[in-house]
Amino acid sequence: MGYTPHVLVVGGGPLGTGLARDFAIRGLEVTLVDPGPLAAPRTGRMGGLLASGAQFAREDPDYAQRCLAENRTLFEIAGHCVEDTGGLVVGDNLDGLQTACEDCSIAAQHLSAEAATEREPGLDPAVDGALAVPDAAIDPFLLTVAAARDAREYGADIRPRTEVTDIVVENGAVETVVVEQTPFPVDADGRDATGDADGDATDDADGDDTGGEPPDDGADGADPGAGGESGEDGDEPVRSDGGKSVPGTVGGGTDPTEDLGGSLEPTVDRLDVDYVVNAAGDNAPAVAGLADCSVPVSQGQETVTVAAGRPVETAVTRPAAPGEAPDTAVPVGQHTLLATEHRSGSDAAGVPSGPDTGHIPSPLAVDNVADSLSGLVAGTGRTQRALRLPRAEFDPGRGRDFAVLDHDRQDCWGLLTVLGGTVTTHRWVAERVCDRVCGEFGIQRACQTDELQLPGGEDVPDLAQAVGTFGLAESVYEHSKRRLGSQTSAVLHTDGENPVVCSCQSVTRSEVAAALDDETNADADLGGVRVRTSATTGRSQGGRCGHQVATQLHPAYDGEVVENACTALLDERWQGQRPVAGPQQTEMARTYRLHAGVMNRGHDHEMGHTDIAGYDDGSHDPADRPTCCPRVGWEP
Amino acid sequence: MNGRADATPSPSGEDSLGDPSETVTPSDTPDVLVVGGGLAGCFAALSAAREHPAAAAVELLVTAADRFDRHPGTIDVLGYPGRSTDDDSTAATEHRQPVETPFDAIDALPEDHPYRRLGRDRLRTALALFDDELDYSGERSEHNALVPTHTGRVRPTARYPDWMAAGLASRDEPMGLVGFEQAPALDAAFVADRLGERLPYEVTAVTVEFPGRVTESPAGPVLARALDGDEAPSGDVGTPDFDVVEEEPPSSLTPDEEQGPAREPLVERVRSELALEGRVGFPAVLGETAYQTVRDHIESALYAEVFEIPVGPPSVPGRRLERRLHAALADAGVAVTSGALEGFEADDGRIDRVSLSGRDRAVESVVLATGGLSGPGLVADRAGVHEPVFDCHVDHPDDRLAWTEPTLLADHAFGRFGVSVDDELRPLDATGRPEYENLRAAGRIVGGFDYDAEQSADGVALVTGGAAGRWSSP
């Protein structure tokens, strides 16, 4: 056996998991770490747009064509994450854009205002025509999880809730990486700590002495370094036996870890890795900083609001100024994602994140989304939550294109930072980076991520006709099927009852169980359940269903773990609602009333005999005691 | 006065309420208009009508149909007076024992709290009227009772309905819990674990399948209706076509046998699973109207006292409470209507006329009892927090992020949002003067205090509703 390099991927977004998948399929040893559950909203553009490239055809034809190619690839390999909504581009000079699209082989049809409104009644009446293009919607959460699961099936070690705490560099090369895994969601503070790490990260980005160095985007010219020889030389990817092909059907329940509720200290691990790919998004400068390296970045700021339901059925976009992301309104599943971008310094709405805000935008920025998108869509629906997506890009900016920085130039061989790219092009970016890293080790293996389907994306016959709806209401089945793709039958087929635990999103108990069983999820991480199932993302944002989702951890986990997991889940949901005006504030008040009032979750009483003796036990009302209990002589 | 005639379940066990023929036709000139159909509104209307039964025409305008869907059916008077102001307030608050006797704890509240402002005598009067009109328990004890919650905590309450009486956590006796597979709102094993760890007696649990097929979610109202009518639910699923597949259809997918009864199969399933217990708790879905009959049936079949633990929303116990209140309102001659208050005319600081869903009429006095931010009494939009009916002044910070704290179970500013009132419960404008001379506020719309943190919302609803109603009655 030859030497197999061990690559550490830092970051569990679409790009990080895409990298891990690519490396694993090429046969490298891969570990992926992310401080949160996978697909935490810090990596990549989460606006849900699977771009056709039309928006960029005029100013960046190369990028536009790449988008189109990747758009088609993702339809092929990740069908269950993609919805063919079609797209409408609105804005000025649509004729010019149409010509540019034709030059890029992007099908674009110019619709009159009437025809556009007929196609998409949710368009703002003021819209003066639109370009119909093959845009689509993509569920970035499902995509990320599918990539992680596939990577694991090819042997990658996926470690959510794991943070890089040190990168030891010796003799100008990465020697060891220290990672810490938090075993359980301990409490709200533990969750906050994760968020703070990002806030701090941006501060570390400046004040370096190599800031002027242009980032290296090429795959050539790097030192071959301590490359090993290629390992197995077969090109056939090998799926390891360790992975579960279908969650929920193999392996039974969650590991009943023995020291449940006992050891809540982080587990520290020292990884002897050969190469580190830093795809941590806006956290990338902090990760590089652990190796005393710097990443010159400029911070973009994108605000995404999540509206209930589908005020539009089509992905509606409006190209923005060069280098900026377009304004978008994209229906993804049972929500519509509305996004605008704000460059740093360009708008007061991009307030700096304080300790309390973390990844939530200011109320002003949230209101600004609605203002920016008026004129694009008639109504933005009922806003449920808002996300602030800090978007780190190399400085000087390279637009939406990706860029890599090889820290070998900073006397640290074996560390590469990747920034930029979009969810549409993430697979292609991963391919380029993997090519380059493999090149460092003299490995030449073709990328196959554009051919191999992701778990859930395989073509399977529609089982609805064959087996009905698995005893579920039709709408519950339909929503489940959309998320589960080819695994619908395996997950929904249960022996006993399979009740809905999240009513708004139609998530059943077996789907939650499958998410908990997923080996790419951290133990007892309900955030991971959320990104896999969409549970707790509906109207009440977990207020009504969070405890029902949490008790699915019981009895594998003890009550304390369940309570803490529930609190962490609901606090995460709570944060995203805070800057939103309108009916969501009423929902928040109802959630508070239910949990603080009716459930009394704000108080925890342990009471002995004497403690409860001071309270009414009903015995003042002897008449109220039924007389129907002649227990003597009763036999069960 | 006889307020019990219709409030008490009839001998058949059916709550004979909600019968349209019993509703009272609204008078053309209601002397008292109560806006808002929650506990405070119902009680304000009841108090106004009982104050001068002959003289006053009272109308209750229900502006939101689902107010009681979030109500657990108990009457909480005071569980935790005030928050501790220590730096370490979270830990201190979390483990503070609930007050044993609410009346003894009132003095610990700030002077402008509704209890202090209106005084304990008015609170006693309000509770006495409630006890007289509604068939609840707990009135013979000055002490709070502790009731179990569906997430395994205990909650202090002053009045509880008969179907919760056997389930008091403060009764030092083991209990068994029954959960339904189809109703994940109450995970019996989890709740039993949590209660068992915190209470000095054993709590056991079984989970059974509710008879029939349940596909609705939340399942509570469906199960309740099934027990009311003693008919197993049939669910709502597409019909499988088994010819398409070669394999045997899974057992869970075989077509239903005849839709049978619900009650007896249920008790049989419970009896075969449950160890001998003196008292047995169920999720509170044991009937929405015939709950008395259902509980009697289960009690005699299990040879145990049966109680229910509220779940929801939608809360079946809340709907039961609403039915009892509406029966009392009908008995008192209050006209109950649904709709919105679309406009009003005011002159010289008094509200003279109101427009109600197309009807335009004169009023002598108005009680505003539309609830707080949890709906629909306050509205939060980009401009701020508003009281949408009479546009009463609502004090609140401009910064939206100051309305809430970063975590759910915290001391949120929005918990205290509402109108400021004078000693006669009249909402005050920004300068501290009454908005209208004949407008009074009751319930959660009265701001300044977090009634959820205090576990005092129902007592406040009763004392403010009672006072506002009586003062409004000519």
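**Close-up views of a predicted two-chain model**

**View 1. Pro314(B) lies in the loop that runs between strand E10 (305–309) and helix H11 (316–331) of chain B.** Helices (H or I, at least four residues) and strands (E, at least two) are DSSP runs, numbered from the N terminus. The peptide bond from Pro313(B) to Pro314(B) is cis, and its omega is near 0 degrees. A second cis peptide bond leads from Gly375(B) to Pro376(B), with omega near -10 degrees. Pro376(B) belongs to the loop between strand E15 (365–368) and strand E16 (379–381) of chain B. Most residues other than glycine have a negative phi, and most peptide bonds are trans.

The model is predicted: local features need pLDDT of at least 70 and side-chain atom pairs count only at pLDDT 80 or more, while totals for chains, interfaces and linings use all residues. Residues are numbered from 1 along each chain as its sequence is written, chains are lettered from A and ligands numbered from 1 in the order in which they are written, and side-chain values use heavy atoms, with hydrogens and water left out.

**View 2. Helix H16 (residues 559–577) of chain A meets helix H7 (residues 188–198) of chain B.** The two axes, which are lines fitted to C-alpha atoms over the stretch in contact, with angles from 0 to 180 degrees between N-to-C directions, come within 10 Å and cross at roughly 110 degrees. H16(A) is therefore roughly perpendicular to H7(B), a term for angles of 65 to 115 degrees. Gly559(A), Glu560(A), Val562(A) and Glu563(A) contact Phe190(B), Arg194(B) and Arg198(B), contact being heavy atoms within 4.5 Å. The residues of this contact comprise two nonpolar, one polar and four charged. Here Ala, Val, Leu, Ile, Met, Phe, Trp, Tyr, Cys and Pro count as nonpolar, Asp, Glu, Lys and Arg as charged, and the others, Gly among them, as polar.

**View 3. Within chain B, helix H1 (residues 39–51) crosses helix H5 (residues 120–133) at roughly 90 degrees.** Their axes come within 11 Å, and H1(B) is thus roughly perpendicular to H5(B). From H1(B), Phe43(B), Leu46(B), Ser47(B) and Arg50(B) meet Ala126(B), Leu129(B), Phe130(B) and Glu133(B) of H5(B). Five nonpolar, one polar and two charged residues form the contact.

**View 4. Val89(A), in strand E5 (residues 87–89) of chain A, is a buried residue.** Its relative accessible area is 0%; buried means under 20% relative accessible area, exposed over 50% and partly exposed in between (1.4 Å probe, protein chains only). Among the residues that Val89(A) touches are Ala54(A), Leu97(A), Val133(A) and Pro319(A). Val89(A) and Pro326(A) are 237 residues apart in sequence, yet 9.8 Å apart in space, C-alpha to C-alpha.

**View 5. Helix H8 (residues 363–373) of chain A is largely enclosed by the rest of the structure, because eight of its 11 residues are buried.** The buried residues include Pro363(A), Val366(A), Asn368(A) and Leu373(A). Gly375(A), with a positive phi near 95 degrees, follows H8(A).

**View 6. Ser105(A) and Phe470(A) each have a positive phi.** Phi is near 65 degrees for Ser105(A), in the loop between helix H3 (94–103) and strand E6 (109–111) of chain A. Ser105(A) counts as exposed at 54% relative accessibility. For Phe470(A), phi is near 55 degrees, and the residue is buried, with a relative accessible area of 8%. Phe470(A) is found in the loop between helix H10 (464–467) and helix H11 (474–484) of chain A.

Note on methods: Angles under 35 degrees count as roughly parallel, over 145 as roughly antiparallel, 65 to 115 as roughly perpendicular and the rest as oblique. Lists of a residue's contacts leave out its neighbours within four places in sequence.
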